[in-house]
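Here are some notes on the aromatic side chains of this model, set out as numbered points for you to read beside the structure.

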Amino acid sequence: MSSSLAIRNHVSLRPYTTLRTGGPAEKFAVVRDVDELSTAATLAQTANLATTVLGWGSNVLPSDEGVPGLVILNRARRLQVSSNGEVVADTGCGFQELFLKTAQQGLSGLEFAVGIPGTLGGALVSNAGAYRSCVSEYLQGIEIVTDGQRQWVDPSWMEFDYRNSKLRRPQAPPTVMLRVSMKFPQGDRRAIYEAARDYQRQRIGKQPPPASAGSFFKNVNDHKLAASIESLTPGMRANGVVPAGFLIEACGLKGFRMDGAMLGARHANFILNVGGATATGIRRLAELTKRKVMDRFGVQLEEEVLYLGDWSAFAP
């Protein structure tokens with residue numbers, strides 16, 4: 001693969017992920033605008049080279065065996081916000097930065113983004129959200145490179161679901177998101193900032209300071225289970241939502257340590273690297289957690305964190 005991009009071989013991904021673990025990228029490039037990102041994606045797709053895009057490296061766990069193909073570090077961060085609510089944003093811009101810029105214009109919708117560590121691109125892949133809101137609600141269009149072609153597509157192309165999209169699923173089409181257009185409703189600035197501060201206070205009380213990837217598992221949607229747990233909030237019971245952290249803590253795993261990895265002592269739905277944990281060790285703790293929750297509650301936890309690279313040799 002030839003281009004003017006600086007491509008390096010066998011670059012450790014530990015400095016580029018919030019869990020500070022995992023193996024090397026087979027090939028690695030840094031891009032700083034959407035044209036460079038488009039060029040890298042087009043070249044890789046034309047050469048049938050697997051492509052992984054990293055933003056701030058949260059919500060991912062690269063295998064100790066490494067990540068084959070090209071890993072692109074996305075530093076494309078241009079962000080245009082209009083007072084009429086229209087936004088055009090590169091996928092490498094910070095998710096929280098997007099909230100701040102929209103809030104300054106009196107635009108509502110992203111208050112929940114305060115304290116979510118990551119970029120807009122990662123938020124889109126996992127349809128990030130909180131407090132019954134999600135980023136996909138405000139999309140109007142997405143510019144992508146797929147099959148070597150650069151084009152704008154409708155948000156329906158992504159097949160968004162709860163903390164999910166087409167790009168998270170097995171056999172997802174080789175695709176790189178470049179930028180998006182969005183539309184936000186007008187709101188009251190004071191109310192916007194007050195809601196954001198309230199969400200931020202809640203996160204500060206829950207999120208741990210050591211290296212983590214954010215919430216490791218998705219919450220469980222199960223009306224029967226939610227109705228059976230009296231300690232859940234009325235809203236959770238009515239909506240059939242059971243927090244993963246509640247289930248993990250109920251299994252006695254809050255603060256549990258194994259091989260340098262630990263389930264959060266503040267909030268059990270965080271897996272932390274507290275002592276040089278390997279990616280394999282972190283995933284083994286995740287699998288143990290899933291087994292314990294299944295045995296106790298009969299539900300299968302599903303990871304919010306994405307496993308990157310070659311996990312073919314993994315054994316729980």
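1. Is Y193 buried, partly exposed or exposed? In this predicted model, Y193 has a relative accessible area of 28% and is therefore partly exposed, since buried would require a value under 20% and exposed one over 50%.

2. The structure holds eight aromatic pairs. In one of them, the ring centres of F99 and Y193 lie 6.5 Å apart with the planes at 75°, and because an angle over 60 degrees counts as edge-to-face, this pair is assigned to that class. The two partners come from distant parts of the chain, 94 residues apart, with F99 in helix α2 (residues 95-104) and Y193 in helix α4 (residues 189-206). F99, at 2% relative accessibility, counts as buried, whereas Y193 is partly exposed.

3. A further pair is formed by F216 and Y307, whose ring centres are also 6.5 Å apart, but here the planes meet at 55°, so the pair is tilted. F216 lies in the loop between β13 (211-215) and β14 (220-221), while Y307 belongs to strand β19 (residues 306-308), so the contact ties together parts that are 91 residues apart in sequence. F216 is buried, with a relative accessible area of 0%.

4. F216 and Y307 also belong to a cluster linked by ring pairs, together with F217, W311 and F314. Two rings of this cluster have the charged end of R283 over them: that end sits 3.9 Å from the ring centre of Y307 and 4.9 Å from the ring centre of W311.

Conventions:
Residues are numbered from 1 along each chain as its sequence is written. This is a predicted model: local features need pLDDT of at least 70, side-chain atom pairs count only at pLDDT 80 or more; totals for chains, interfaces and linings use all residues. Side-chain values use heavy atoms; hydrogens and water are left out. Rings of Phe, Tyr and Trp (its six-membered ring) pair if their centres lie within 6.5 Å; planes under 30 degrees apart count as stacked, over 60 as edge-to-face and the rest as tilted. Helices (H or I, at least four residues) and strands (E, at least two) are DSSP runs, numbered from the N terminus. Buried means under 20% relative accessible area, exposed over 50%, partly exposed in between (1.4 Å probe, protein chains only). A charge sits over a ring if NZ of Lys or CZ of Arg is within 6 Å of the ring centre and within 35 degrees of the ring normal.
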